[in-house]
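Here are my notes on the model, set out as numbered points so that each can be checked against the coordinates. Please read them with the structure open beside you.

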Amino acid sequence: MRGRPVRESDREKRGVITVMDFLSRRWLLLIIGWAGFLFVAGITTLLTFIDFYKPKVLFGPAMRFKAGYPEEYPLGEVSGRWMAEQRVWLVRQKEGLYAFLAVCRHLGCTTRWIPEEQLFKCPCHGSNYNLEGDVVGGPAPRPLWRVGVSLSPDGQIVVDKSVKEDRIGVREKGKFILPV
Ligand code: FES
């Protein structure tokens, strides 16, 4: 049995008050819209605030690192032991031990050591460097960078990539060759 529709006067009589009695539909939509907007704005502000205080430092590999003991590098060998981690070649020759950055001086690709040819070769545009890091072919305008090498008090080799030999003529000795 269908009930009789509740009329305004009946509701008032019964004391039933709904939200819609106070607010029109338009007002309700306006309030919901503003609440949504303020919620999104608040969340965005909060996330921006949190992000602002997060450290932005990039923790890359250190510029100075210990590369082990000289006796771990046999005479005449080019070692790629630190290539993956530090992008450095270590070379031991009669004159001493030295280190190259494996960065091609043309456009910065990573060079590869080809033992059969005794050359560092760049796969990008074909620059070739000899054991001294000198350019012997290809478009590279400068030799490979040698980087600082020294011995730490505990006898380990310290490679310092922040000290670079950027030469055109004769190789510097001193900090770029370890007489071991
Ligand atoms: S980047 Fe090495 S030859 Fe071009």
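1. In what sense do β2 and β3 pair, parallel or antiparallel, and over how many bridges? The model is a predicted one, and in it β2 and β3 pair in the antiparallel sense, with two bridges between them. Within this pairing, S79 stands opposite L90 in β3.

2. The pairing just described belongs to an open sheet of six strands, whose order is β1-β10-β9-β4-β3-β2 and whose pairing is antiparallel. The edges are held by β1 and β2 (78-79), each of which has a single partner strand, so one side of each is left without a neighbour in the sheet. As a general matter, the strands of a sheet pair through backbone hydrogen bonds, in either a parallel or an antiparallel arrangement.

3. Strand β3, which covers residues 88-93, deserves a separate remark, since five of its six residues are buried, and the strand is therefore largely enclosed by the rest of the structure. Here a residue counts as buried if 20 or more other C-beta atoms lie within 10 Å of its own. On its other pairing, β3 meets β4 in the antiparallel sense over six bridges, with W89 standing opposite F100 in β4. A hairpin through two residues joins β3 to β4.

4. Strand β4 (residues 96-101) also pairs with β9, again in the antiparallel sense, and two bridges are found between them. A99 is the residue that stands opposite V147 in β9.

5. Strand β9 (residues 146-151) runs antiparallel to β10, to which six bridges join it, and S150 has V158 as its bridge partner in β10. The two strands form a hairpin with five residues between them, and in that turn G155 has a positive phi of about 90°.

6. Strand β10 (residues 157-165) is joined by three bridges to strand β1 (residues 64-66), and these two strands run antiparallel. V158 in β10 appears here too, since K66 stands opposite it; a reader tracing the sheet may therefore wish to look at V158, which is also the bridge partner of S150.

7. Turning to the helical part, helix α3 (residues 25-53) has 29 residues and reaches 43 Å from its first C-alpha to its last, which is close to the 42 Å expected at 1.5 Å a residue. Of those 29 residues the number buried is zero, so the helix lies largely in the open.

Technical notes. Residues are numbered from 1 along each chain as its sequence is written. This is a predicted model: local features need pLDDT of at least 70, side-chain atom pairs count only at pLDDT 80 or more; totals for chains, interfaces and linings use all residues. Two strands pair if DSSP finds at least two bridges between them. Helices (H or I, at least four residues) and strands (E, at least two) are DSSP runs, numbered from the N terminus. The expected span of a helix is 1.5 Å times one less than its number of residues. A residue is buried if 20 or more other C-beta atoms lie within 10 Å of its own, exposed if 12 or fewer, and partly exposed in between; C-beta atoms are placed from the backbone.
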